[in-house]
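Ready for some practice at reading a protein structure? Grab a pencil, take a look at what comes next, and work through each exercise before you peek at the solution.

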Amino acid sequence: MNRKEKIREVVNARLGSIIAVCVNFENPHNASAILRTCEALGILEVFVVEEDFPFRPSTKVTQGAERWVRVRRFRRAEPAFQELRERGFRIFAATPHGSVTLEELPVDAPLALVFGNENRGLSPEILALCDGTFCIPMFGFTESLNVSVAAGISLYFVASARRRLLGKAGDLSPSAQAALFAAYLGDQIPNSGT
């Protein structure tokens, strides 16, 4: 497969209807691992809220994945959540004791999954901006997972469920696919901050 064919294949499988939201991560390795996971799963966008800690991706962890994922950076949470709502996303936060399980998340509409700080989790203010909370069922003595592991499990599950529902690998419009193809062909994707 030549380079253009590979780019076309990747673009056709990109999901714009699943977004990971990383809120106030202290450890750059965790957000970097989530970026890499999103790229591997075909998830196009990651929102990063850096109210308390600046986002500094570790290239040793991302292995270049940040070049292919649209990273949206926000200094405050409210504009990020407002944009998600305006774009029709339902927003669910990962918590140890969520109101629904991962399997019960609604994948019939655009879905944003919110992951919080490694030590403090998500603040009540952030949780109030969400439509609900979810948890990954645990069957051992361990009560929580590393945030990047929890994100990986959650994003894999919802991306797979969304693709099954859609009956195809990706969901970008033809015009969005064309723009992304051109960006990838130029070895870049526009990232932005708010």
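**Exercise 1. Find the strand 7 bridge partner of alanine 93, then work out which strands pair with strand 4.**

Step 1: In strand 7, alanine 93 has threonine 133 as its bridge partner. Helices (H or I, at least four residues) and strands (E, at least two) are DSSP runs, numbered from the N terminus.

Step 2: Now zoom out to the strands. Strand 4 (residues 90–94) and strand 7 (residues 132–135) run parallel and are joined by three bridges. Two strands pair if DSSP finds at least two bridges between them.

Step 3: Strand 4 also runs parallel to strand 6 (residues 111–115), with four bridges joining them. There, phenylalanine 92 is partnered with leucine 113 of strand 6.

A quick word on what you're looking at: this is a predicted model, where local features need pLDDT of at least 70 and side-chain atom pairs count only at pLDDT 80 or more, while totals for chains, interfaces and linings use all residues. Residues are numbered from 1 along each chain as its sequence is written, and side-chain values use heavy atoms, with hydrogens and water left out.

**Exercise 2. Decide whether strand 1 is enclosed or open, and follow the chain past its end.**

Step 1: Check burial, which means under 20% relative accessible area (exposed is over 50%, partly exposed in between, with a 1.4 Å probe and protein chains only). Nine of the nine residues of strand 1 (residues 15–23) are buried, so the rest of the structure largely encloses this strand.

Step 2: Look for a partner. Strand 1 pairs with strand 2 (residues 43–49) in the parallel sense, over six bridges. One example is valine 23, whose bridge partner in strand 2 is valine 49.

Step 3: Keep going to asparagine 24, in the loop between strand 1 and helix 2 (28–41). Asparagine 24 has a positive phi of about 55°, although it isn't a glycine. With a relative accessibility of 7%, asparagine 24 is buried too.

**Exercise 3. Describe how helix 1 packs against helix 7.**

Step 1: Get the geometry. Helix 1 (residues 3–12) and helix 7 (residues 174–185) pack at about 135°, with axes 10 Å apart. Axes are lines fitted to C-alpha atoms, for helices over the stretch in contact, and angles run from 0 to 180 degrees between N-to-C directions.

Step 2: Name the arrangement. That angle makes helix 1 oblique to helix 7 (under 35 degrees is roughly parallel, over 145 roughly antiparallel, 65 to 115 roughly perpendicular, and the rest oblique).

Step 3: List who's touching, where contact means heavy atoms within 4.5 Å. Helix 1 brings residues including Arg3, Ile7 and Val11, and helix 7 brings residues including Leu180, Phe181 and Tyr184.

Step 4: Pick one residue, isoleucine 7 in helix 1. Isoleucine 7 is buried at 9% relative accessible area. Leaving out residues up to four places away in sequence, isoleucine 7 touches Phe181, Tyr184 and Leu185. Isoleucine 7 and phenylalanine 181 sit 174 residues apart in sequence, yet 6.7 Å apart in space, C-alpha to C-alpha.

**Exercise 4. Do the same for helix 2 and helix 6.**

Step 1: The axes of helix 2 and helix 6 (residues 147–166) come within 9 Å and cross at roughly 20°.

Step 2: That makes helix 2 roughly parallel to helix 6.

Step 3: Their contact includes Ala33, Ile34 and Leu41 of helix 2, and Ala151, Leu155 and Arg163 of helix 6.
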